[in-house]
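Here are my notes on the two-chain model you sent round, set out as numbered points so that each can be checked against the coordinates.

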Amino acid sequence: MARFVLKRLLYMLITLFIITSFTFFLMKLLPGSPFNNEEKLTDQQKFILNEKYGLNDPVPVQYFNYMGNLVKGDMGVSFQYDNRPVSTMIAERIGPSAVLGVEATIIGTIIGLILGIAAALKHNTSIDYLSSLIAVLGISIPSFVFAGVLQYYVGVKLEWLPVALWDGPKYHVLPALSLSVFVIATVARFMRTEMLEVLGQDYITTAKSKGLSNLVVIWKHTIRNALIPVVTILGPLAINLITGTLIIEKIFAVPGLGFQFVSSITLNDYPVIMATTIFYSVCFIIVILIVDILYGVIDPRIRVAGGKG
Amino acid sequence: MKNILELNNVNVSFHTFAGEVKAVRGVNLHLEKGESLAIVGESGSGKSVTSKSIMRLLPEKTSEIKEGEILFEGRDLTKLSNREMEKIRGSEISMIFQDPMTSLNPTMTVGKQIMEGLRKHQNLSKNEAKERAINLLKLVGIPNPELRINEYPHQFSGGMRQRVVIAIALACNPKVLIADEPTTALDVTIQAQILDLMRDLQQKTGTAIILITHDLGVVANLSQRVAVMYGGTIVETGTTDEVFYNPKHPYTWGLLSSMPKLNSADKELMAIPGTPPNLLNPPKGCPFAARCPYAMQVCVDNMPDVTDVTSTHKTACWLLDERAPQVEPPEAALVGGAR
């Protein structure tokens, strides 16, 4: 097990190196420069700024400088926001994004699983059709539509919950709900398919032939086996939400990472682009590793080498 | 009461989009205590459906036991509630399935899968159940049962898995064991081992066995009595000797002729031409009439009555009517040239 994780960590570093390098050169291909937007600057002032941040050096030199600093743990400072360290900017912004993402994932997974399981157990009944309808709507209607509807009816008309901003638990409900719709739909659809597949397996008949009650057959033999593939989609789904979602953060005025990332691209704020990309990648790679380990825990057939059996 | 299990005029139908499929049509069977009965027939003859209807394991939504009674120790299983049926499944009647590769839960240790039934039916503690599970694995011939009990199905070979399946079925000392093609999915060498094991276990435990198969070799090995099924009905039943050496139904002749024999290496294997009847729209006469080389008009029009050849040997065929022409079975159907 330790060897497996160690090997994976090595691969993760290689992956990260490739992503970082690729993003760096792609970013340099972007038109414009960080200081072009500010019209009041003279050419000389721009030259001085470029010189200060090393932007007049040839791109390969900039690349090696950046990578050198990165290894030392220095991700640089923002060009736009008063020279603030990028790591601080991310640290400040990740909180709301992560909280919102985790909430949406938990809500979405629980409701999605219930819908999916109910649909499979009541296959070809109105419950099944209703659940499928919800799943199709959830996948095809974008989250900002739900966000708008919720804001208008729950926030403005009923005045039950605040329409926007980020100031305590009350403010989490609407954005988390809007985000979770997609998770509900995806998980429900997936779980339904998997449940139906498992219910048709011979070992379910074996379990029934042992005289086990329906509840035990479904709980111990069906759901557990149906969950295995669902775990794999849950990892990437969660990380997408946790690292921030531009649209929902913008609609609900949540001070999150997604919004900052997009604005950094339009402003050519190189260190912020780089740092956010690296942060996303690290999160993603770690979650995939966790999913792989978890997979082995719930499915003995793919327990990784070094484990028993 | 000699008969532990009795099926009287059982009819089972499936409801499909195309209409009602009458998979089992008026089956009469009985099983004596400790005896071994084989149900033989080709795919779609209704043998698996018959066995699953005894266990009430057919899909509830799409299938229905339309008529008849299934008496287990005098109780009609078709009338029991699901709760009552759960108490019988696995403890009084249990079942072995065809494919050991798919009939075990891949994410549960074999020990747990054996213990589940024990704990439910016999209220054993965890340790008692574990001890019993180890003994069961020993009984079915799995080496190192203390270690293997904690392993998962994928760590077992096909033959070993079928032994585990048998151990699960025998866990609570059932009075009836239904084996639905228990050796079909196994290698020939392993088949013989599993059959030996089943014969052995039957002698040790006194469990009555219903063996469902299309393999006549297996029947000869294991069963005292045979019921031949075709088109959802039983066409011939008798002791294994009677059915093998003195078959009366042309379908049984066909089955026996299509079995490879030691001295027929150079001859082409016989096949029964045609396909089984469509049970969506079953024929009103003998189901075999369309494929029977001896069919008469009466066969097409009317279902034949059951004729008693001996007190144990019964055949449903118009050829046995006193008005019918005398027909000799084909030479290929005579096993070992007897009689």
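1. In this predicted model, A:Asn268 has a positive phi of about 55° and follows just after helix α11 of chain A. That helix covers residues 257–266, and its buried residues are A:Leu257, A:Gly258, A:Gln260, A:Phe261, A:Ser263 and A:Ser264. The cover over these buried residues of α11(A) includes three other helices of chain A, namely α4 (86–121), α10 (246–251) and α12 (270–298).

2. Elsewhere in chain A, A:Asn69 belongs to helix α3, which runs over residues 59–71. A:Asn69 counts as partly exposed because its relative accessible area is 30%, a value that falls between the 20% and 50% cut-offs. Measuring from C-alpha to C-alpha in the model, A:Asn69 lies 16 Å from A:Ile19, and 50 residues separate the two in sequence.

3. B:Glu116 deserves a look of its own, and it sits in helix α3 of chain B, residues 110–122. Is B:Glu116 buried or exposed? With a relative accessible area of 9%, B:Glu116 is buried, since the cut-off for that class is under 20%. Once neighbours within four places in sequence are set aside, the contacts of B:Glu116 are A:Lys210, A:Leu212, A:Val216, A:Lys220 and A:His221 from chain A, together with B:Met108 from chain B.

4. The largest pocket has a volume of about 1200 Å³ and a lining of 35 residues, among which A:Leu199, A:Lys208, B:Leu58, B:Pro59 and B:Glu60 lie nearest the centre. At least two lining residues come from each of α4, α7 (173–199), α8 (202–209) and α9 (214–242) of chain A, and likewise from each of α1 (47–55) and α2 (82–88) of chain B. Which element gives the largest share of this lining? Helix α8(A) does, with four residues. By class, the lining of the largest pocket holds 12 nonpolar, 11 polar and 12 charged residues.

5. The second largest pocket holds about 500 Å³ of space, and of the 25 residues that line it, B:Asn28, B:Ile234, B:Thr237, B:Val306 and B:Lys314 are nearest its centre. Two or more lining residues are given by each of the strands β1 (3–16), β2 (19–32), β10 (233–239) and β12 (314–316) of chain B, and β2(B) gives the most, with six residues. The lining of the second largest pocket divides into 11 nonpolar, nine polar and five charged residues. Domain 1 (3–223) and domain 2 (247–337) of chain B each provide at least three residues of that lining.

6. On the domains themselves, the assignment for chain B gives domain 1 as residues 3–223 and domain 2 as residues 247–337. Their centres, taken over C-alpha atoms, are separated by 29 Å, and the contact between the two takes 15 residues from domain 1 and 12 residues from domain 2. An unreviewed UniProt entry lists residues 5–256 of chain B under "domain: ABC transporter". In the model, that span is 39% helix and 28% strand, and its end C-alpha atoms lie 28 Å apart.

7. Turning to enclosed space, how many cavities of 30 Å³ or more are there? The count comes to four. The largest cavity contains about 90 Å³ of space, and its lining of 13 residues has B:Pro250, B:Cys286, B:Cys292, B:Cys299 and B:Cys317 nearest the centre. By class, the lining of the largest cavity is made up of 12 nonpolar residues and one polar residue, with no charged residue.

8. The second largest cavity has a volume of about 70 Å³ and is lined by 13 residues, of which A:Ser209, A:Lys210, B:Gly90, B:Ile168 and B:Ala169 lie nearest its centre. The elements that supply two or more residues to this lining are α8 of chain A and, from chain B, β6 (93–96), α3 and α6 (158–170). Helix α3(B) gives the most, with three residues, and α3 of chain B is also where B:Glu116 is found. The lining of the second largest cavity divides into six nonpolar, six polar and one charged. A:Lys210, one of the residues nearest the centre of this cavity, is also among the contacts of B:Glu116.

How values were computed:
Residues numbered from 1 in each chain as written. Chains lettered and ligands numbered in written order. Predicted model: local features only at pLDDT ≥ 70, side-chain atom pairs only at ≥ 80, totals over all residues. Heavy atoms only, no water. Buried < 20%, exposed > 50% of the residue type's maximum accessible area, 1.4 Å probe, protein only. Contact = heavy atoms within 4.5 Å. 1 Å grid on protein atoms, 1.4 Å probe; cavity = no way out; pocket = protein on both sides within 12 Å on 5 of 7 lines; lining within 4 Å. Points joined across faces, edges and corners; volume = space filled by probe spheres on them. Nonpolar A, V, L, I, M, F, W, Y, C, P; charged D, E, K, R; others polar. Domains from an automatic or database assignment. UniProt positions renumbered as here; feature names shortened; annotations may be inferred.
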